[in-house]
Amino acid sequence: MTRMSLMIVRGECPGGSAIAVEPRGRNLECETDCSGRELRLVESATAASGRAASPKDGSFRPGHAVCPGVWRRAKAGLADAPTSVQDSRVPATRKWSRLLQSVPVGVAVLLAVVLTGCTTTQPGALLKRQGDEIIVAGQLFHTGTRVVTWMDPGGYDAYRVERRFAAFDQSSWETSKVAVAALKTPNRYGLRQDNLTPQQLESVRGGGWELPLLREKVDQFVLHFDAAGTSRQCFNVLHDHRCLSVHFMLDLDGTIYQTLDLKERAWHATTSNTRSIGIEIANIGAFAPGQQRMFEEWYQRDDSGWPRVVVPTRLGPTGIRTPNFVARPARKDPVQGVVQGRTLQQYDFTPEQYAALVKLTATLCKVFPQLHCDYPRDAEGKLVTGKLPDAALNQYQGVLGHFHIQSNKVDPGPALQWERVIGGAKKLLR
Ligand SMILES: [Zn+2]
């Protein structure tokens, strides 16, 4: 293994046209003879002289192996490094290269690696996730907020057929289907098969969705409150007792759980299941005035005078991931409003839930072009507070509540701040 100090002026990924450009005046120390994926040098320069070296230069032969994963900033020479390589020989058509040359070295190297896809692919190398990714047709998308998938420790796996919370020796599907009458099928989810051609059906029946096809089929994001209080309890109810499913759950502390790839048809919103993504937001629910017995059990005011959520001990572990988290509604008093023509009261969701929901909503609206970042509005632009007429629901593409889909549902309730969610998501999308 040899070491040398050099500047990458231009490099090229194998099989690709993308190029990496090392910014002006910065030296990197690279290790050669890397056995990983190689970045072909097209142009380079020595740090010592600053002169540009052509591919024919004896020091830097075309195809010379450089491993971006082991680039290190040389401690010496950063301040007074030569800049002569930023010359007119860089083609005008590569203006983005010049842009890269003007940013700090760390950012530039990161950008170069991201843009070129030139990462180490040595056998056994770990591809690390950041913990904010959602999974859509097998591909990962960042949300900027914590996401625990069904594959992660502490996640909730809606693909499994056994019950999650039953005694282990009673949890098998064979035992569960006898013990719980509602569990009719091992899978609590299905295939988004409406309006597929026979060829498309054949290609996705095994689960292998292409992202472009999925993007054609998904155009609604349905918000629910879970009426269970916590995501752990929500999954217990859906998976172990009701034979239902939902793509996401949003816990009191703002943790998002993804239980299924979005390619799956989760069972959460009847007529909209095929075209929608669903989220159950932890909240005990909305009740008619005078019937809020649940509030007394779930909300207690402490010395601050602000209510806090107290998960009843009868439910066992809360499952909330943030240690010692204190969940408080975003507004102090129960919010009263009308849904489906009924007056209801509900404690608001937590600020942590709003923050996460804003980011997830923006992510989904970006990933799915037909999912518009808006909510059902009346002629004056105000939220529709009941079920949409069938024709309007059929036409609707965007974020909506369960109550917009079914007249027998009131979730996500009168407390949900639609403008906070949609306005926040729109800001992120600008
Ligand atoms: Zn619902």
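Over how many bridges do strand 19 (residues 335-339) and strand 20 pair, and in the parallel or the antiparallel sense? In this predicted model, the two strands pair in the antiparallel sense, over 5 bridges. One of the pairs links Gly337 with Leu344 of strand 20. The hairpin formed by strand 19 and strand 20 has 2 residues between the strands, and Gln340 takes a positive phi there, near 55°.

Strand 20 (residues 342-346) also has bridges to strand 16 (residues 286-287): the two run antiparallel and are joined by 2 bridges. Ala286 has Gln346 of strand 20 as its bridge partner.

Within strand 19 the reader may next consider Val338. This residue is partly exposed, with a relative accessible area of 42%. Leaving aside its neighbours within four places in sequence, Val338 is in contact with Thr343 and Thr385. Val410 is 72 residues from Val338 in sequence, yet the C-alpha to C-alpha separation of the two is 9.3 Å.

Before strand 19, the loop that begins after strand 18 (307-309) holds Asn324. Asn324 is not a glycine, but its phi is positive, at about 55°. With a relative accessibility of 76%, Asn324 counts as exposed.

The account now turns to the open sheet. It is formed by 6 strands in the order 9-13-12-15-11-21, with mixed pairing. Strand 9 (147-149) and strand 21 stand at the edges and have a single partner strand each, so one side of each is left without a neighbour in the sheet. From one strand to the next, the twist averages 25°. At one of these edges, strand 11 and strand 21 run parallel and are joined by 4 bridges, and Val222 has Leu400 of strand 21 as its bridge partner.

Helix 6 packs on the sheet, where it touches strand 12, strand 13 and strand 15, and its direction makes about 145° with that of strand 12. The helix spans residues 231-242, and its buried residues are Ser231, Gln233, Cys234, Phe235, Asn236, Leu238, His239 and Asp240. These buried residues pack against strand 12 (248-250), strand 13 (256-258) and strand 15 (276-281). Residues with positive phi are found on both sides of the helix in sequence. Ala227 is placed in the loop between strand 11 and helix 6, and its phi is near 55°, a positive value in a residue other than glycine. Ala227 counts as partly exposed, at 45% relative accessibility. Cys243 follows helix 6 and has a positive phi near 60°.

Strand 11, strand 12 and strand 15 also take part in the nonpolar interior. The largest nonpolar core has 46 residues, and Phe221, Leu364 and Phe368 are those with the most contacts inside it. Two or more residues come from each of strand 7 (133-136), helix 5 (211-217), strand 11, strand 12, strand 15, helix 8 (351-367) and helix 10. Helix 8 gives the most, with 8 residues. For Phe368, the contacts beyond its neighbours within four places in sequence are Val136, Leu214, Arg215, Val218, Leu262 and Ile277.

Which protein residues are the donors of the zinc ion? They are His224 through ND1, His402 through ND1 and Asp411 through OD, at 2.0 to 2.1 Å from the ion. Along the chain these donors follow the spacing H-x177-H-x8-D. His224 lies in strand 11 (residues 220-225), whereas Asp411 lies in the loop between strand 21 (398-401) and helix 10 (418-429), so this pair ties together parts that are 187 residues apart in sequence. Both donors of the pair are buried: the relative accessible area is 1% for His224 and 6% for Asp411.

Asp411 has a further feature in its backbone. The peptide bond that leads from Asp411 to Pro412 is cis, with omega near 15°. Pro412, like Asp411, is found in the loop between strand 21 and helix 10. This loop therefore holds both a zinc donor and the proline of the cis peptide bond.

Definitions and conventions. Residues are numbered from 1 along each chain as its sequence is written. This is a predicted model: local features need pLDDT of at least 70, side-chain atom pairs count only at pLDDT 80 or more; totals for chains, interfaces and linings use all residues. Side-chain values use heavy atoms; hydrogens and water are left out. Donors are N, O and S atoms within 2.8 Å of the metal (3.2 Å for Na, K and Ca); water is not among the atoms, so sites may look incomplete. Buried means under 20% relative accessible area, exposed over 50%, partly exposed in between (1.4 Å probe, protein chains only). Two strands pair if DSSP finds at least two bridges between them. Contact means heavy atoms within 4.5 Å. Axes are lines fitted to C-alpha atoms, for helices over the stretch in contact, and angles run from 0 to 180 degrees between N-to-C directions. A nonpolar core is a set of buried Ala, Val, Leu, Ile, Met, Phe, Trp, Tyr and Cys residues joined through side-chain atoms within 4.5 Å.
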